[in-house]
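Open the model in your viewer and keep the selection tool at hand. Each stop below names what to select next and then says what is there.

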Amino acid sequence: MRAGRGHFRVGAPARRGRSAGGALKPLAIAIMGPTASGKTAAALAIAREMPAEIISVDSALVYRGMDVGTAKPNAGELASVPHHLIDIIDPSDAYSVAQFRADALRLVADIGARGKLALLVGGTMMYFKGLTDGLDELPAANPQLRAEIEAEAARLGWPAMHEKLRALDPVTAARLAPNDAQRINRALEIIELAGQPMSALLSGRTKLDLPFELLSFALEPFDRSVLHARIATRFDQMLGSSDDSGIVAEVAGLRARGDLHPNLPSMRCVGYRQAWDYLDGKIDRAALRDTGIIATRQLAKRQLTWLRAMPDRLVIDCIAGDPAGAILAHLRTRGN
């Protein structure tokens, strides 16, 4: 394990943080990392060694009925340790960063009151950033302007809109995928409404003081090719041997409800949008596998880009060694 450029140094005990009033803050642990880095396994191993509860930091695990394609913990894992923010909303609904932050703050306090350690585990870096940095003071959504941007995207395509965003706000565009319609639309909308790019608005934000100390560990691959192999293996497991099982069957069941469509946040999750295209006959099964793996690798790349911008983290090689053991060893040096 090697340290990031943050406040803590591996092997040296760090003091608990204190609030502005000088009171000792309770501790919470963040276990971050790209998809397929072993975050869930590490959290479960830690919870077997000390009283803990897991708070999911994952924008896909919030949805009920989306189990296969999200690599949701199985029934045994969910029963072995208390989990939170999993299966809390319907796929037809949306769950915002603001909702996550409010829920996470409440849950960390509740878990601490029960004398347990809160483990915030996941790969939705926007949730982690929203929790630690607070919410953005950005213009409210403008439905008419949003519709105009969508109409332009219908003519030109979202990759072209991404290039337009790159010219206006290269910092924001760099962290968005060319087909991330929702976020590209929002970024362009903000430029029109605020007269300046989103990145400029975010750079002026004051970092908030959390009511707890968050010690952050990042499970990152020192050998990216091994992570890519893991991603391929896991997607094959999700795909299953036929359309009667795996993610195709799961998406077919969701489509059969009749109230879902491919532009919903839930159906834009990696794997689900590819399976939807497959069921629409736009791609064959081989293309479903290929595009699903490619999209998952692109997601992992974006997650790692977010992580590199988080200096207050301790980095653990998720490929070699024992991530849970490394985290536990560091906690012992702190006297926890």
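Select glutamate 163 and arginine 166 in this predicted model. The two form a salt bridge, with their closest N and O atoms 3.4 Å apart. Both sit in helix α6 (residues 158–168), and because they are three residues apart there, about one helical turn separates them. Glutamate 163 is partly exposed, with a relative accessible area of 46%. Arginine 166 also counts as partly exposed, at 36% relative accessibility.

Next, select glutamate 189 together with arginine 186. This pair forms a salt bridge too, and the closest N and O atoms are 2.9 Å apart. Both residues belong to helix α8, three residues apart, or about one turn of the helix.

Keep glutamate 189 selected and add arginine 146. Here the salt bridge has its closest N and O atoms 2.7 Å apart. It links distant parts of the chain: arginine 146 is in helix α5 (residues 143–156) and glutamate 189 in helix α8 (residues 181–194), 43 residues apart. Is glutamate 189 buried or exposed? At 0% relative accessibility, glutamate 189 counts as buried, while arginine 146, at 27%, counts as partly exposed.

In total, 19 salt bridges are counted in the model.

Now colour the chain by domain. The domain assignment gives domain 1 (27–136 + 206–333) and domain 2 (143–202). Their C-alpha centres lie 25 Å apart. Six residues of domain 1 and five residues of domain 2 take part in the contact. How much area do domain 1 and domain 2 bury between them? The figure is about 560 Å², with 59% of it on carbon and sulfur atoms. On the side of domain 1 that touches domain 2 there are three nonpolar residues, three charged residues and no polar ones. Zero salt bridges are counted between domain 1 and domain 2. One residue pair is found in polar contact across their interface.

Move to lysine 72, in the loop between β3 (52–56) and α2 (75–80). Is lysine 72 buried or exposed? Lysine 72 has a relative accessible area of 11%, so it is buried. Show its surroundings: leaving aside residues up to four places away in sequence, lysine 72 touches Leu61, Tyr63, Arg64, Gly65, Met66, Asp67, Ile86 and Asp87. For one of these neighbours, draw a distance to the backbone: a polar atom of the lysine 72 side chain lies 3.1 Å from the backbone oxygen of methionine 66.

Then select helix α11 (246–255). Its buried residues are Gly246, Ile247, Val248, Glu250, Val251 and Leu254. What do the buried residues of α11 pack against? They pack against α10 (224–239), α12 and α13.

The last selection is helix α12 (residues 272–279), where Tyr272, Gln274, Ala275, Trp276 and Tyr278 are buried. Show α11 and α13 (285–308) beside it, as both are included in what covers these buried residues. After α12 comes glycine 281, which has a positive phi, near 80°.

Terms used:
Residues are numbered from 1 along each chain as its sequence is written. This is a predicted model: local features need pLDDT of at least 70, side-chain atom pairs count only at pLDDT 80 or more; totals for chains, interfaces and linings use all residues. Side-chain values use heavy atoms; hydrogens and water are left out. Domain bounds come from an automatic or database domain assignment. Contact means heavy atoms within 4.5 Å. Buried area is the accessible area (1.4 Å probe) that two parts lose on being put together, summed over both. A salt bridge is a side-chain nitrogen of Lys or Arg within 4 Å of a carboxyl oxygen of Asp or Glu. A polar contact is a pair of N or O atoms within 3.5 Å; within protein, one must be able to donate a hydrogen and the other to accept it, and residues adjacent in sequence count only if both atoms are side-chain atoms. Ala, Val, Leu, Ile, Met, Phe, Trp, Tyr, Cys and Pro count as nonpolar, Asp, Glu, Lys and Arg as charged, and the others, Gly among them, as polar. Helices (H or I, at least four residues) and strands (E, at least two) are DSSP runs, numbered from the N terminus. Buried means under 20% relative accessible area, exposed over 50%, partly exposed in between (1.4 Å probe, protein chains only).
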